[in-house]
Amino acid sequence: MKKKIMLIVPMLHQGGFERVCVATARLLEPYYEVYIVIFSAMDIAYDIRGLHVIDIHMKSVEGKAGKILNVFRRAKRVAALKREYGIDIAYSFGPTANLVNVFSGMRPFQKGEAERESSERTKIWCGVRSYMDMGNPGLLRLFCRFSDRVVSCSRLIQRELEARFSCRKVCTLYNPFDLEAIRRQSKEIGEKERIPFSGCGRVIVSMGRQDDVKGFWHLLKSFSLLHRKYGDARLLIVGEGDFREYWTLADELGISDAVSFPGVKKNPFPYLALGRMYVMTSVNEGFPNVLVEAMALGIPVISTNCMTGPAEILAEDFDTVSGRQEYLAADYGILIPVMEKKKNLDASVITEEEKKLAEQMERLLSDEALYEKYSRAAVTRAAQFSGEAYVKRIREMAEE
């Protein structure tokens, strides 16, 4: 009989680990019975047709006491689902889901000896999906102690968990990518969908929710310098949020006609495919999926050398370049230093690091040989993050 795997994620509305959760379900279906448990079905942004999705109808609440109570309510419900479906492995994505996964396996949430024995057969895998998750040592100790496996999306995160918490249960599992689907979907444009800047040759693309960790104010300021030299250049930032403060900044920089924030998209790949280059200015990441997705489309990448992920994606020997705060022409893309973390929306202040980013962007626009080099390298590197490799590793872990 097939083993039964439960994937636990708070919502499916937006974000990298939500996308990985859905991809994991589809990739594992031929080999396991797969169930996705979500806490709320509000604003689902991913294609879940044909998947077994269970909504426990316990959305997030306000207030510390309410949040704590909500964790226990969710854990009780998930524990019951584990018993009901006879789950062999419960794999959770992100700290909120990890808490529920861990607590649902503890004695207070079992109802008797038979149920405890059933629960003990359910292995608990906790996914640490972002370097930002490393900022809560209390939670990490809990996950390391009470899970059967801690699944990291980056070797740097794995090493830090091993060093800081003596965690011997941790392993690295790179995110999976259906490269052919990315390429196919990049050509699928809805009949009524109007994509900004279609037909423009010099489009810089970035993606991500409106969050200071993404450093989008740096990108806008750097682009404003580029736009002075290339008046036909355009900037497209796709992701969740109203971006009101960035619209204001763009207006003050004099580039409002050359910038677009089209919002979150169920199929973002036609927008991504417009890019002459992809630029990421994040302060922190877990494993930035969108870098690999852009590279799968042959789009050269410029990224901050932030913790974690970019160095592992863009450099053959990431140990040599990881964390280095200089401009590096890496094997598969360009790494730049992490820029100032404090948000500055003053259009009159352009920093040296923003000027240097503009210079790197200009290099890719003006040097055709460099562009072609990184375009070819991008496709080569993306092929190494296939879904087949991901499934093989999960199956090995499931049998250990």
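In strand S2, the bridge partner of Met6 is Tyr35. That pair is a good way into this structure, which is a predicted model. Residues are numbered from 1 along each chain.

## The parallel sheet

Met6 belongs to a longer pairing. Strand S1 covers residues 4–9 and strand S2 covers residues 33–38. The two run in the parallel sense and share six bridges. Further along, Ile8 stands opposite Val37 of S2. The chain gets from S1 to S2 by way of helix H1, and this β-α-β crossover is right-handed.

Val37 also faces the other way along the sheet. Its partner in S3 is Ile54. S2 and S3 pair in the parallel sense too, over three bridges.

How many strands does the sheet hold, and in what order? Seven strands form it, in the order S3-S2-S1-S4-S5-S6-S7. The sheet is open, and its pairing is parallel. Which strands stand at the edges? They are S3 (53–55) and S7 (170–172). Each has a single partner strand, so one side of each is left without a neighbour in the sheet. Neighbouring strands are turned by 25 degrees against each other on average, direction ignored.

Strands of a sheet pair through backbone hydrogen bonds, either parallel or antiparallel. In a regular strand the side chains alternate between the two faces of the sheet.

Is S2 mostly buried or exposed? Five of its six residues are buried, so S2 is largely enclosed by the rest of the structure.

## Helix H1 and its neighbours

Helix H1 spans residues 16–28. It lies across S1, S2 and strand S4 (89–93). Against S1, H1 runs at about 165 degrees.

H1 also packs against helix H16, residues 387–399. The angle is about 75 degrees, and the axes are 10 Å apart. That makes H1 roughly perpendicular to H16. From H1, the contact uses Val20, Thr24, Leu27 and Leu28. From H16, it uses Gly387, Tyr390, Val391 and Ile394. By class, the contact of H1 with H16 has six nonpolar residues, two polar and no charged ones.

## A second helix pair

Helix H5 (residues 137–146) meets helix H6 (residues 155–165). Their axes come within 11 Å and cross at roughly 90 degrees. H5 and H6 are therefore roughly perpendicular to each other. H5 brings Pro137, Leu140, Arg141 and Cys144 to the contact. H6 brings Leu161, Arg164 and Phe165. Five of these residues are nonpolar, none is polar and two are charged.

The two helix contacts are set out below.

| Helix pair | Crossing angle | Axis distance |
|---|---|---|
| H1 and H16 | about 75 degrees | 10 Å |
| H5 and H6 | roughly 90 degrees | within 11 Å |

## Loops with special backbone geometry

Some loop residues deserve a look.

Ser166 lies in the loop between H6 and S7. Its phi is near 50 degrees, a positive value in a residue other than glycine. Is Ser166 buried or exposed? Its relative accessible area is 51%, and the cut-off for exposed is over 50%, so Ser166 is exposed.

Phe197 also has a positive phi in a residue other than glycine, near 65 degrees. Its loop runs between helix H7 (179–185) and strand S8 (203–207). Why does Phe197 count as buried? Its relative accessibility is 16%, and buried means under 20%.

Thr308 marks another kind of feature. The peptide bond from Met307 to Thr308 is cis, with omega near 0 degrees. Thr308 sits in the loop between strand S12 (301–304) and helix H12 (310–314).

## Asp242

Where is Asp242? It is in the loop between strand S9 (234–238) and helix H9 (244–253). At 45% relative accessibility, Asp242 counts as partly exposed. Leaving out residues up to four places away in sequence, Asp242 touches Gln210 and Trp247. Gly94 is 148 residues from Asp242 in sequence. In space, the two are 25 Å apart, C-alpha to C-alpha.

Note on methods: Predicted model: local features only at pLDDT ≥ 70, side-chain atom pairs only at ≥ 80, totals over all residues. Heavy atoms only, no water. Pairing = 2+ DSSP bridges. Helix = DSSP H or I, 4+ residues; strand = E, 2+ residues; numbered from the N terminus. Axes fitted to C-alpha atoms, helices over the stretch in contact; angles between N-to-C directions. Contact = heavy atoms within 4.5 Å. Parallel < 35°, antiparallel > 145°, perpendicular 65-115°, else oblique. Nonpolar A, V, L, I, M, F, W, Y, C, P; charged D, E, K, R; others polar. Buried < 20%, exposed > 50% of the residue type's maximum accessible area, 1.4 Å probe, protein only. Right-handed = clockwise from strand over helix to strand, strands pointing away.
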